[in-house]
Amino acid sequence: MLSLVNQKHYKNQHKFFQKAYEEGDPQWTGDGSPSSELVRTIKKIKPKLKLKHALDIGSGEGRNSIFLSREGFKVLGLEYQEQAIQQAMGKRKRGLLYVRGDVFCIPLKPCSFDVLIDFGVFHHIRRKDTATYLNMLQSMLVPGGYMILSCFSRKFKHANGKLYKRGYVVHKNHYDRFLTRAELRRVFGKHFNILKIKEVKTGFLDGIFQLKGTGRK
Ligand SMILES: C[S@@+](CC[C@H](N)C(=O)[O-])C[C@H]1O[C@@H](n2cnc3c(N)ncnc32)[C@H](O)[C@@H]1O
């Protein structure tokens with residue numbers, strides 16, 4: 001499949017992320033701790049997994065990938081910013097690899113992962129490209145595999161204090177999409193069983209979805 005990253009919008013967005021890493025303090029890394037929602041979710045689903053192969057989409061500086069590898073997962077962090085990968089590699093753990101690549105065109109074998117996580121990529125994908133993103137996710141997971149998602153809700157407040165009620169904004173060289181529970185149900189409901197969608201006060205929706213079909217035997 002042809003990558004969308006060469007389109008003007010995504011080229012600009014690539015520059016936005018590049019600048020954030022070059023400036024050295026990407027706000028989403030925080031103090032490097034994993035997402036507490038991810039920690040809770042993994043505790044719940046880990047006992048149900050036969051194999052523990054995880055893909056971290058847009059792995060950034062590796063805070064969630066590192067957590068998963070500590071939990072005994074074989075982890076692949078997929079990220080398109082070289083500088084983020086370099087940072088993440090500095091904290092390298094056993095069973096953890098990073099690959100430079102684009103979520104629209106993943107250079108990996110289909111059906112390779114039991115768990116896929118996305119903390120902060122989906123809400124930067126334009127509505128019209130949702131189907132392309134979803135096809136990619138589905139192809140990477142084994143049937144019955146889990147998708148763990150965290151994305152902006154309509155309550156997400158930017159640093160400028162603004163709420164974007166119309167559902168998206170294009171600013172500072174990037175696109176932000178603000179989702180509702182109903183939209184997430186619509187987007188994921190066709191191919192995934194919706195196990196949970198929770199809205200958190202900070203303006204995020206956390207979702208756990210399970211790809212329909214029977215898992216690894
Ligand atoms: C908001 S940050 C979150 C990083 C990490 N998941 C975390 O929670 O710390 C989103 C990350 O996705 C990466 N990213 C965005 N679009 C991407 C794409 N098309 N392919 C690969 N990585 C992408 C960005 O470079 C950035 O590191």
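Which helix lies across β8 and β9? That's helix α6, residues 181-189, and it runs at about 160° to β8. Keep in mind as you look around that this is a predicted model.

## The overall picture

Let's start with the whole thing. The protein chain has 6 helices and 9 strands. Its radius of gyration is 16 Å, close to the 17 Å that the globule rule gives for 217 residues, so the chain is as compact as a globular protein of that length. If you lay the C-alpha trace along its principal axes, the spans come to about 45 × 40 × 35 Å.

What about the inside? Of the 217 residues in the protein chain, 37% are buried. Now take the contacts between residues at least 6 apart in sequence: 65% of those join residues at least 24 apart.

## The sheet

The main thing to find on screen is an open sheet of 7 strands. Read across, the order is β3-β2-β1-β4-β5-β9-β8, and the pairing is mixed. The edges belong to β3 (96-100) and β8 (192-200), each of which pairs on one side only. From one strand to the next, the twist averages 15°.

## Strand β1 and its neighbours

Now zoom in on β1, which covers residues 53-57. This strand is mostly covered, with 5 of its 5 residues buried. His53, Leu55 and Ile57 point one way, while Ala54 and Asp56 point the other way, and all are buried.

Which strands pair with β1 in the parallel sense? One is β2 (residues 74-79), over 5 bridges, and another is β4 (residues 113-119), over 4 bridges. To see the β2 pairing up close, find leucine 55, which stands opposite leucine 76 in β2. For β4, look at aspartate 56, whose bridge partner there is isoleucine 117.

## Helix α3, between two strands

Helix α3 (residues 63-70) joins β1 and β2 in a right-handed β-α-β unit. How many of its residues are buried? The count is 7 of 8, so to speak a mostly covered helix. The buried ones are Arg63, Asn64, Ser65, Ile66, Phe67, Leu68 and Ser69.

Those buried residues of α3 pack against plenty of elements: α2, β1, β2, α4 (82-89), β3 and β4. Just after α3 comes glycine 72, with a positive phi of about 95°.

## Helix α2, a helix with two sides

Helix α2 takes in residues 36-45, and its Leu38, Thr41 and Ile42 are buried. Why do they sit on the same side of α2? Because they cover an arc of only 100° around the axis. A bit of background helps here: an α-helix has 3.6 residues a turn, so residues three or four places apart point the same way.

Turn to the other side of α2 and you'll find Ser36, Arg40, Lys43 and Lys44, which are exposed. As for the buried residues of α2, what covers them includes α3, β4, β5 (141-152) and β9.

## The β8-β9 hairpin

Over at β8, the strand is joined to β9 (residues 204-211) by 8 bridges, and the two run antiparallel. Together β8 and β9 form a hairpin with 3 residues between them. Glycine 203 sits in the turn and has a positive phi of about 95°.

Two pairs of residues let you follow the ladder. Glutamate 199 has leucine 205 in β9 as its bridge partner, and lysine 198 stands opposite aspartate 206 in β9. Helix α6, from the opening question, lies across both of these strands.

## A stop at asparagine 135

One last residue to look up is asparagine 135, in helix α5 (residues 130-140). Why does asparagine 135 count as partly exposed? Because it has 13 C-beta neighbours inside 10 Å, and a residue is exposed with 12 or fewer and buried with 20 or more.

Where asparagine 135 sits relative to histidine 191 is worth a look too: the two are 56 residues apart along the chain, and their C-alpha atoms are separated by 9.8 Å.

How values were computed: Residues numbered from 1 in each chain as written. Predicted model: local features only at pLDDT ≥ 70, side-chain atom pairs only at ≥ 80, totals over all residues. Pairing = 2+ DSSP bridges. Right-handed = clockwise from strand over helix to strand, strands pointing away. Axes fitted to C-alpha atoms, helices over the stretch in contact; angles between N-to-C directions. Contact = placed C-beta atoms within 7 Å. Arc of directions from axis to C-beta. Rg over C-alpha atoms; globule rule 2.2 N^0.38 Å.
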